[in-house]
Amino acid sequence: MTEETPVPAPAGNPQEPLRPEAEVLAEARRRSRRSFIGLGLAGLAGLAGWNWLISQPTEQGIPRPLRKVLDANGRLSGAYFKETRLAPEFARSRARRPRVNGDVGLESELDPAAWRLRVQAYGSNTLQEFTLADVQTLPKIEMTTELKCIEGWSIVVHWAGARLSDFLAKHPLASRAGRPADPQNPSADLAPYVGIETPDGLYYVGLDMASALHPQTLLCYEMNGQPLTPEHGAPLRLVTPLKYGIKHLKRIGTIAFADARPRDYWAELGYDWDSGH
Amino acid sequence: MERGAPLGRLFFYCLVCKAGPEAASDEFEGWPVVGCTLRLLIFAAASFMKQLVEKHPLAIRWFHWVNFPVLSLMIWSGMWIYWANDVYRLGWGKTTLLKFFPNSFYQAFHLDHKLAQGMSWHFVLMWVFFLNGLLYVLYTLFSGEWRALLPTRHSFKEAIQVTLFDLGLRKQHPPVRKFNGAQQIAYTSVILMGLGSLLTGLAIYKPVQFGWLTQLLGGYEFARIIHFALTIGYVLFFVLHIAQVVRAGWNNFRAMVAGFEVVEVNPATHEVTAGPTALPAADASLSAK
């Protein structure tokens with residue numbers, strides 16, 4: 001699509017003589033030829049770019065350039081993120097039981113009495129253990145929010161549990177200096193990432209700290225007014241309407257803090273690590 | 001080719017007078033003397049001359065041809081995403097007229113089990129779609145191209161005339177301009193649809209950070225429905241667009257590649273006697289109404 005010197009419009013300007021037809025048609029042919037060749041070359045360049053893209057080494061299931069853009073998108077939405085923006089809440093009567101969409105990490109038997117939440121303090125190797133009762137001493141937060149599956153469906157669910165931010169304020173394990181987590185005023189030595197895994201380590205998710213400390217991110221123990229059932233993540237699961245359902249890890253085993261993005265089960269299979277809302 | 005064939009064709013042209021004189025004299029390119037003589041004769045007889053008229057600026061052509069593959073890939077990756085929760089249909093109660101989409105459709109195009117790839121492509125190409133669209137709109141605003149594009153108060157009446165004419169229900173040819181009323185409405189709509197896709201897309205991509213937008217668009221699920229419906233709209237637009245481009249012919253198509261159209265001009269009055277045109281003079285037919 002090459003542009004040549006524009007031809008003055010012949011009509012509407014009777015003073016100017018018309019150009020001879022032979023000249024006009026020669027120019028038409030020349031410009032057509034150049035433009036079509038240009039368009040063809042642009043198309044070929046596009047195809048070559050496409051081939052280059054899909055031939056790039058993959059990074060966690062997708063070509064590296066795509067992964068880089070997804071990560072840039074994540075940084076951009078992270079910069080825009082505000083913890084005061086809340087997911088909408090719904091009438092409790094609209095709550096339904098979500099479908100069970102996977103049991104990775106839940107396949108072994110679990111003895112609820114023996115279960116402990118194990119939290120690794122940031123910058124240390126020591127694990128601290130908590131019982132469900134410990135979590136339940138924190139203020140109980142109830143919310144009726146939309147659970148949004150990455151597949152595209154969504155369902156309103158009533159959840160109850162303790163805020164992860166309350167937990168980390170009471171148990172200051174997310175900062176190197178042992179400062180209580182404060183979402184409004186995060187300390188400089190706060191860990192940037194949280195990694196959460198099932199007790200068997202087969203399912204694992206990573207969260208950015210801002211999402212982890214959001215007031216709607218819960219260590220959840222009740223769904224629709226009932227204690228969690230095993231297939232929905234008993235005794236304790238993560239719930240955060242700031243992320244797709246893939247991040248709502250069931251049956252929390254360990255929580256750890258990290259400087260780099262923790263491994264994430266679905267991100268390794270080609271999904272966006274951030275998967276944030 | 002037989003010697004008599006071009007002569008016969010010339011006779012046909014002169015008789016029916018359907019094509020321009022150039023079409024006839026082109027046939028004789030290999031025969032300089034006959035060709036030139038005929039050319040002169042034809043020029044003398046015909047009361048018009050072919051001239052070039054600029055139609056689509058280079059920038060618009062780029063935006064158009066970048067958008068075509070990008071939007072196609074957005075739709076394609078969108079179908080990879082949609083497959084994972086393909087709940088939409090046309091129908092009522094238990095009656096389904098059309099399911100989006102039948103399994104055979106996914107299988108025929110290998111659209112199944114590609115949610116992760118679909119999302120990654122979608123969230124990369126959305127930037128190209130957005131930037132190309134934004135540049136197009138800015139260019140259209142600042143270059144004045146919007147004057148030809150935006151519908152006027154006459155466009156709706158004219159769009160009906162154009163539709164009736166295209167369906168063969170009306171004899172009188174609608175006014176010939178760069179964009180007729182139907183085109184103005186269609187092209188302006190498709191740009192607004194692009195904006196709609198961006199907004200509904202953002203509403204379902206970041207439904208908490210852009211919660212106000214998601215609520216404005218009827219909530220997370222409804223925004224997804226609009227996003228899907230707009231995509232169906234593009235496909236319908238595409239079918240109609242291709243049909244109309246084929247119908248309008250080569251001169252019109254070439255303008256979207258090379259930028260110009262060939263029109264026939266009366267040398268005495270400089271009036272355009274044939275051919276679609278971008279000339280402002282042709283707009284007078286509309287404003288005079």
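# Two chains, a few close looks

Trainee: How much area does chain B expose, and what share of it comes from carbon and sulfur atoms?
Mentor: Chain B exposes about 15,700 Å², and 71% of that is supplied by carbon and sulfur atoms. The areas come from the Shrake-Rupley method with a 1.4 Å probe, and for residues only the protein chains shown count as cover.

Trainee: What kind of model is this?
Mentor: This is a predicted model, where local features need pLDDT of at least 70 and side-chain atom pairs count only at pLDDT 80 or more, while totals for chains, interfaces and linings use all residues. Residues are numbered from 1 along each chain as its sequence is written, chains are lettered from A and ligands numbered from 1 in the order in which they are written, and side-chain values use heavy atoms, leaving out hydrogens and water.

Trainee: How many helices and strands are in chain B?
Mentor: Chain B has 13 helices and five strands. Both are DSSP runs numbered from the N terminus: helices are H or I with at least four residues, strands are E with at least two.

Trainee: And what share of chain B is buried?
Mentor: Of its 289 residues, 42% count as buried. Buried means under 20% relative accessible area, exposed means over 50%, and partly exposed is in between (1.4 Å probe, protein chains only).

Trainee: Take helix α8 of chain B. Which of its residues are buried?
Mentor: Ser155(B), Glu158(B), Ala159(B), Gln161(B) and Val162(B). Seen down the axis of α8(B), the buried residues fall within an arc of 160°, so they line one face of the helix. That arc is taken from the directions from the helix axis to the C-beta atoms.

Trainee: Which exposed residues are on the face turned away?
Mentor: That face of α8(B) carries Phe156(B), Lys157(B) and Ile160(B). After the helix comes Gly168(B), with a positive phi near 80°.

Trainee: What do the buried residues of α11(B) pack against?
Mentor: They pack against elements of chain A and of chain B. In chain A these are β5 (141-148) and β6 (154-163). In chain B they are α4 (58-83), α6 (115-143), α9 (181-205) and α10 (211-216). Among the buried residues of α11(B) are Tyr220(B), His227(B) and Tyr234(B).

Trainee: New topic. How many disulfides does the structure hold?
Mentor: Zero, over all chains. A disulfide here is a pair of cysteine sulfur atoms within 2.5 Å.

Trainee: Why is Cys220(A) not bonded to the closest cysteine?
Mentor: The closest cysteine sulfur, in Cys149(A), is 17 Å from that of Cys220(A), which is too far for a bond. Cys220(A) counts as buried because its relative accessibility is 0%, and Cys149(A) counts as buried at 9%.

Trainee: Where are the cis peptide bonds?
Mentor: One runs from Ala234(A) to Pro235(A), with omega near 0°. Pro235(A) is in the loop between β10 (226-227) and β11 (237-239) of chain A. Another runs from Phe100(B) to Phe101(B), with omega near -5°. Phe101(B) is in the loop between β3 (95-99) and α5 (103-109) of chain B.

Trainee: What about phi of His113(B)?
Mentor: Phi is near 55° there, a positive value in a residue other than glycine. His113(B) is in the loop between α5 and α6 of chain B.

Trainee: Is His113(B) buried or exposed?
Mentor: Exposed, with a relative accessible area of 61%. Ser275(A) also has a positive phi, about 40°, although it is not a glycine, but Ser275(A) counts as buried at 3% relative accessibility.

Key
Contact means heavy atoms within 4.5 Å.
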